[in-house]
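Me: I would like to work through this structure in a few careful questions, starting from a single residue and moving outwards.

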Amino acid sequence: MTLTVRDIRGMKSEGRRITAVTAYDYPSAKLADAAGIDLILVGDSLGTVVQGLATTLPVTMEQMLYHTGMVVRAVNNALVMADMPFMSYQQSVAVALKNAGKFLARGAAAVKLEGGSAAAVERVAALVEAGIPVMGHIGLTPQSVHAMGGYRVQGKETAEAERILSEARALEQAGVFSLLLEGIPEKLARQISQAVAVPTVGIGAGVHCDGQILVWHDLLGLGDGNYPKFVKPYAHLSRTIKKALRTYADEVRGGAFPGPEQTYH
Ligand code: KIV
């Protein structure tokens with residue numbers, strides 16, 4: 001049975017932690033779903049981990065819709081959520097509504113957007129009013145990389161922590177079904193998780209969130225081995241894949257592949 005935003009919200013009161021991961025294509029989404037992951041995010045992180053870009057800023061609506069379609073087709077049980085890319089909601093409520101609607105038409109059950117400013121809260125309220133479930137995203141918000149002066153932990157100072165806490169309250173008030181907390185100290189994440197009734201899902205926000213999310217390539221060790229502090233690679237697939245490819249190349253060069261088993265007679 002497919003999980004709904006109501007189920008995800010209910011997990012907090014039931015004391016069940018939410019498991020979440022990003023996915024960008026059919027085979028990875030199928031694996032995440034089969035593994036029993038609750039929430040699959042088609043993240044705009046695809047700009048960095050799939051496209052090899054330095055930031056998520058150039059990711060377009062067309063690209064996000066293309067990847068959302070692949071993920072939606074693979075998933076039977078998890079909640080599929082799409083990330084609204086840079087400049088797909090910042091301009092106006094009307095633009096946000098138009099673009100969020102495209103994700104739901106593509107089969108996503110919810111969208112996520114970054115920020116807790118008055119403008120972001122206004123966008124969230126309008127989407128929720130239109131029947132579009134929204135996850136908020138506060139703390140380190142990668143689309144604001146230039147405004148933040150780089151990818152740095154947010155909310156270390158009291159005034160900043162208070163601002164992030166009040167953003168969490170405002171987003172809850174606007175109707176988010178959940179909040180993603182990225183790159184903040186665990187103490188602040190705990191404070192927010194206790195202050196709001198909706199579940200918090202953390203990345204680089206410590207253990208006191210109501211759930212956790214990791215980027216697919218980080219979780220599976222598909223990178224170059226230089227992972228940020230908050231990442232725990234649960235496999236080292238880069239190594240496994242390189243080894244398989246080298247063996248294949250050796251066998252082709254040496255004439256061992258294809259063997260009799262792989263040959264039509
Ligand atoms: O785009 C993304 O992958 C994200 C992560 C913080 C989960 O938003």
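Me: In the segment after which helix does Phe257 lie?
Reply: The model is a predicted one, and Phe257 is placed here by the helix that precedes its segment. That helix spans residues 237–254, and the segment holding Phe257 comes after helix H11.

Me: Is Phe257 buried, partly exposed or exposed, and which residues make the nonpolar surface patch of about 280 Å²?
Reply: Partly exposed covers the range between under 20% and over 50% relative accessible area. Phe257 has 36% relative accessibility, and therefore counts as partly exposed. The nonpolar surface patch of about 280 Å² is made by Tyr248, Val252 and Phe257.

Me: How far apart do the C-alpha centres of domain 1 and domain 2 lie?
Reply: The domain assignment gives the protein chain a domain 1 of residues 5–234 and a domain 2 of residues 237–265. Between the C-alpha centres of domain 1 and domain 2 the separation is 39 Å.

Me: Is Ser28 buried or exposed, and with which residues is Ser28 in contact, leaving aside its neighbours within four places in sequence?
Reply: Ser28 lies in helix H2, which runs over residues 26–34. Because its relative accessibility is 6%, and buried means under 20%, Ser28 counts as buried. Once neighbours within four places in sequence are left aside, the contacts of Ser28 are Ala23 and Trp216.

Me: Which are the buried residues of helix H1?
Reply: Helix H1 covers residues 5–13, and what covers its buried residues includes strands S1, S2, S3 and S4 together with helix H9. The buried residues of H1 are Val5, Ile8, Gly10, Met11 and Lys12.

Methods: Residues numbered from 1 in each chain as written. Predicted model: local features only at pLDDT ≥ 70, side-chain atom pairs only at ≥ 80, totals over all residues. Heavy atoms only, no water. Helix = DSSP H or I, 4+ residues; strand = E, 2+ residues; numbered from the N terminus. Buried < 20%, exposed > 50% of the residue type's maximum accessible area, 1.4 Å probe, protein only. Contact = heavy atoms within 4.5 Å. Patch = residues over 30% accessible without salt bridge, like charges linked within 9 Å, V, L, I, M, F, W, Y side chains within 5 Å. Areas by Shrake-Rupley, 256 points an atom, 1.4 Å probe, with all protein chains shown as cover. Salt bridge = Lys/Arg side-chain N within 4 Å of Asp/Glu carboxyl O. Domains from an automatic or database assignment.
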